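Q: I would like a close look at a single part of this model, with its surroundings described step by step. Please take the structure below as the starting point.

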Amino acid sequence: MKVLSRAMRGVREHVRTQLVSVATVALALFCVAAAALAAENVGELSRRWGAPMRMTVYLSDHATAEQIEALRSALSGLSEVRAARYVTPSEARAVVAGDDAVLASAGAELFPATIELTLVPGATDRARLSVLSERVRRLNAVSDVETYQGITAQVQSILASGRLAAGVIALVILLCAMAVVSNTVRLSLHARMREVEVLRLVGAAPSYVRSPFLAEGALLGSGGAVVAVALLGALFVLFRSRMDSFMGGALGMRPVFLSGFMIAGFVLGGAGLGATGSALAVRRWLKV
Amino acid sequence: MGRPRIGAQFGRAFRPEGHFDRSAAHKPILVLDGVVKVFRADAPVLRRVDLTIERGEFVFVTGPSGAGKSTLLKLVYRSETVDEGRVLFCGRDIARLTPESVPFLRRNIGVVFQDFKLVPYWSVFENVAVALEVAGMPGRVIRSRVALALERVGLAGRGEDLASVLSGGEQQRVAVARAIVNEPAIILADEPTGNLDPVLALDILGLFEEIHESGTTVLFATHDRALLEQSPQHRLIVIDDGRTIEARKGLRAMGGALAAQRAQRDVDDAVATARLPL
Ligand SMILES: Nc1ncnc2c1ncn2[C@@H]1O[C@H](COP(=O)(O)OP(=O)(O)O)[C@@H](O)[C@H]1O
Ligand SMILES: [Mg+2]
């Protein structure tokens, strides 16, 4: 507590510089928090789309109704399958054509009959999925099986490279924020040279001289983090309804905000970042 | 205000186990023994200084500008280190102090400078209290001791004022209060009147003499003749060509019996302090 009040004594004297510094840190951390928020939501997407949840079983053209029904009930008995639904050619046409009159008027026989399987989430890693599809492929009245592995693999790899890019950018931004804190503490050190000189003169231990500057850095960092998270939260609430209808409709999920755990981590991380930045300045500029 | 408990804190600083070094109180407070300090090889600042200062002395150190007065004081509060020789403070060679011990040395030495060295944006109280805060003293004790120190320098009731609003003479009084607030064994003054007009200079000299009266050793560097003439009773040392010359014996040299008496009281005090469970 004493250290904080000594740090605040410095903050009080140079409010302008400190405010600029907090604002800069806040801006930088806002970018990172926004990226984290995006990552959080993308993660949600990835859970939804990254793992194959669907399988389409194409039926041979000459399959009889009894064969189809027997196949459907056999498929729904599989442990990996949650539901199996028979889609007639005309249903398939309706889904594909939508409002398109030309397609809608095409012959239903152009569209293959299928059984759409909804898989049990988590029950289907890559290996089990190919085993399953091979087994289904050999069944009676089955012409082909689509596992959507290509698409999910693609989604996965796009998400992964997105995460990597975001991570690199976040790292750069964090380093910049650290440099800003470091520079602010350096200015503070220069402004408080007399104070440092006096402390040394009256017999302060080196750690006593250094600690308020480290605390100042930590305060700047965590202050910036709080401002950034608050700003992001406000924007999130403001745009939630729009994001909701878009994301809900297109992606089948509701947007999520950073968890309390992540927010706490963010503020602590901001403090750590600030303390590290100021430690760099103190190491370089404060001889005790 | 009690007399300085000479050596008590310092004894502890040197001995982590906290035993008071009984013999320290019988030794001269400061001994420079064959001290050499060289910044540039062609012009050593101190060539060979031998100097002994007893407890309770008031010693003027003089010499032309650049003679090495400041350097000599810096060697004592370990802002500089000797190139040869020893500097014994309470019998301990401070040239051999580890960096970790230097702060403890400084808590037993008060220093006052020509340019006051106050923090302008701190209050008078904060400027004085800092000397106790660094030692981790509790707030209640700090408040009462700072109030006493401010009273001693004639600034009672000015604690709330910002240091920067005070006049030069007042600022120097604050610096003196900071130097005496933890009752150090010795006070070093490096041209403390250099920035003050002659009347204020005499004022500040008077203040140091009062502090000396209460038992503190004072080492007062100045090149102001008026001050030296104002107080002919004090011992006077001249630094000339890198050596010290004993220009005038102080009254203390004649009052040996009194000095011995005082030293014995210091020992009693210090032992009593050291035994207190802290
Ligand atoms: N850190 C230093 N580096 C180089 N020279 C120094 C340093 N400190 C003092 N000196 C030199 O030592 C000499 C004595 O300086 P100083 O002790 O300040 O003299 P005084 O206080 O008697 O005026 C001067 O010539 C000064 O230039
Ligand atoms: Mg000088």
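Is B:Arg225 buried or exposed, and what is its relative accessible area? Please also describe the sheet of chain B and the helices that lie on it.

A: In this predicted model, B:Arg225 has a relative accessible area of 62%, and because the threshold for calling a residue exposed is over 50%, B:Arg225 counts as exposed. B:Arg225 belongs to helix H8 of chain B, which covers residues 225-230. Between the C-alpha atoms of B:Arg225 and B:Thr98, two residues that lie 127 residues apart along the chain, the separation is 38 Å.

Turning to the sheet, chain B contains an open sheet of six strands with mixed pairing, arranged in the order E6-E7-E8-E3-E9-E10. Its edge strands, each pairing on one side only, are strand E6 (109-113) and strand E10 (243-248), and neighbouring strands of this sheet are turned by 20° against each other on average, with direction ignored. Within the sheet, strand E3 (residues 58-62) and strand E9 (residues 235-240) of chain B are paired in the parallel sense over four bridges, and B:Val61 stands opposite B:Ile237 of E9(B).

Two helices of chain B can be placed against these strands. Helix H7 (residues 198-213) packs on the sheet, where it touches E3, E6, E7 and strand E8 (217-221), and its direction makes about 140° with that of E3(B). Helix H6 (residues 168-180) lies across E6 and strand E7 (186-190), running at about 165° to E6(B).

How values were computed
Residues are numbered from 1 along each chain as its sequence is written. Chains are lettered from A and ligands numbered from 1 in the order in which they are written. This is a predicted model: local features need pLDDT of at least 70, side-chain atom pairs count only at pLDDT 80 or more; totals for chains, interfaces and linings use all residues. Side-chain values use heavy atoms; hydrogens and water are left out. Two strands pair if DSSP finds at least two bridges between them. Axes are lines fitted to C-alpha atoms, for helices over the stretch in contact, and angles run from 0 to 180 degrees between N-to-C directions. Contact means heavy atoms within 4.5 Å. Buried means under 20% relative accessible area, exposed over 50%, partly exposed in between (1.4 Å probe, protein chains only).
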